[in-house]
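Here is a short report on the model shown below. Fold, core, loops and ligand shells are taken in turn.

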Amino acid sequence: MSANTQPSIILMGVQGSGKSEVGAALAALLHIDFIDGDDLHPAANKEKMRSGHALNDEDRLPWLKTIGQRTREAAAAGKPVIIACSALKRWYREVIRHEAADVVFVHLHGDYALIEARLQKRSHEYMPTTLLGSQFDTLEPLAAWEAGVVVDINPPITAVAAAAGEWYQNQL
Ligand SMILES: Nc1ncnc2c1ncn2[C@@H]1O[C@H](COP(=O)(O)OP(=O)(O)OP(=O)(O)O)[C@@H](O)[C@H]1O
Ligand SMILES: O=C(O)[C@H](O)[C@@H](O)[C@H](O)[C@H](O)CO
């Protein structure tokens with residue numbers, strides 16, 4: 001990565017891994033704008049999840065393209081952005097990289113029991129906790145060749161954001 005490059009960050013991980021809250025904290029730390037990918041889903045996707053059904057590849061593709069476009073616009077403007085997006089499969093991440101090749105992925109990683117316990121205390125606009133199993137089944141971890149890092153979500157949100165921020169700044 002060249003010294004002038006400021007890549008955008010995709011905060012990835014299953015439902016409830018902390019993308020929204022860590023994303024906001026990381027944005028404050030790095031002084032980079034934050035977009036919550038939850039808000040970019042087409043209405044039909046939100047409705048499908050609200051009714052208890054997991055999205056499939058076809059449902060996710062237009063949403064991933066929107067996220068890719070946001071990262072492309074950020075790169076064109078020379079202004080990186082942090083976007084929360086589950087980006088569960090490797091080819092989903094390819095869709096995003098296709099738009100902005102230098103984007104980096106921060107995978108918020110924790111086990112099922114930890115995330116389930118956190119979700120039981122949270123209410124969400126459309127995402128039921130019953131879809132957590134499907135999220136883990138779908139998740140493909142970052143491959144060694146993918147630009148990114150895995151961050152442990154056991155520590156408090158500020159510490160998770162600090163770990164992600166430190167990794168990012170070391171890449172610049
Ligand atoms: N490191 C953490 N320590 C303690 N609680 C956390 C941590 N990270 C997230 N949480 C809590 O877990 C819940 C899920 O976090 P958050 O909504 O940010 O996850 P998310 O990945 O954006 O979820 P979704 O994909 O469903 O939108 C929230 O109630 C949040 O406060
Ligand atoms: O790929 C997916 O199945 C979706 O993005 C979900 O992960 C939700 O949007 C989300 O994270 C809200 O809980």
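Contacts that span much of the sequence dominate here: of those in the chain between residues at least 6 apart in sequence, 77% join residues at least 24 apart. The model is predicted.

**Fold**

The chain holds seven helices and five strands. Read from the N terminus, the order of elements is β-α-β-α-α-β-α-β-α-α-β-α. The radius of gyration is 15 Å, close to the 16 Å that the globule rule gives for 172 residues, so the chain is as compact as a globular protein of that length. Along the principal axes, the C-alpha atoms fill a box of roughly 45 × 35 × 30 Å. Buried residues make up 37% of the 172 in the chain.

**Core**

The largest nonpolar core counts 34 residues. I10, L11, V22, A87, V106 and A164 have the most contacts inside it. At least two residues of this core come from each of β1 (9–12), α1 (19–30), α3 (57–77), β3 (81–84), α4 (90–99), β4 (104–109) and α7 (157–171). The largest share, five residues, is supplied by α3.

L11 shows how such contacts are made up. Neighbours within four places in sequence aside, L11 is in contact with K19, V22, G23, I82, A84, V106 and L108. Of these partners, V22 and V106 are also listed with L11 among the core residues with the most contacts.

**Loops**

Most residues other than glycine have a negative phi. Two residues in this chain call for a look on that point. H31 has a phi near 55°, a positive value in a residue other than glycine. A87 also is not a glycine, and its phi is positive at about 45°.

Buried or exposed: which is H31? H31 counts as exposed, because it has 6 C-beta neighbours inside 10 Å. A87 is buried, with 28 other C-beta atoms within 10 Å. A87 is also one of the residues with the most contacts inside the largest nonpolar core.

The table sets these two beside a third loop residue, D39.

| Residue | Loop | C-beta atoms within 10 Å | State |
|---|---|---|---|
| H31 | between α1 and β2 (33–36) | 6 | exposed |
| D39 | between β2 and α2 (43–50) | 10 | exposed |
| A87 | between β3 and α4 | 28 | buried |

D39 and A101 are 62 residues apart along the chain. Their C-alpha atoms are separated by 23 Å.

**Ligand 1**

Around ligand 1 there are 20 residues. G18, K19, S20, E21 and R118 come nearest. Two elements, α1 and α7, give two or more residues to this shell. The largest share, four residues, comes from α1. By class, the shell around ligand 1 divides into seven nonpolar, seven polar and six charged residues. K19 has a second role in this account, as it is also in contact with L11.

**Ligand 2**

Which residues are around ligand 2? They are Q15, D38, H41, L55, R60, S86, L88, H124 and M127. The shell around ligand 2 has three nonpolar, four polar and two charged residues.

**In brief**

The chain is as compact as a globular protein of its length. The largest share of its largest nonpolar core comes from α3, whereas the largest share of the shell around ligand 1 comes from α1.

How values were computed. Residues numbered from 1 in each chain as written. Chains lettered and ligands numbered in written order. Predicted model: local features only at pLDDT ≥ 70, side-chain atom pairs only at ≥ 80, totals over all residues. Near = placed C-beta within 6 Å. Nonpolar A, V, L, I, M, F, W, Y, C, P; charged D, E, K, R; others polar. Rg over C-alpha atoms; globule rule 2.2 N^0.38 Å. Buried ≥ 20, exposed ≤ 12 C-beta atoms within 10 Å, placed from the backbone. Contact = placed C-beta atoms within 7 Å. Core = buried A, V, L, I, M, F, W, Y, C linked by C-beta atoms within 7 Å.
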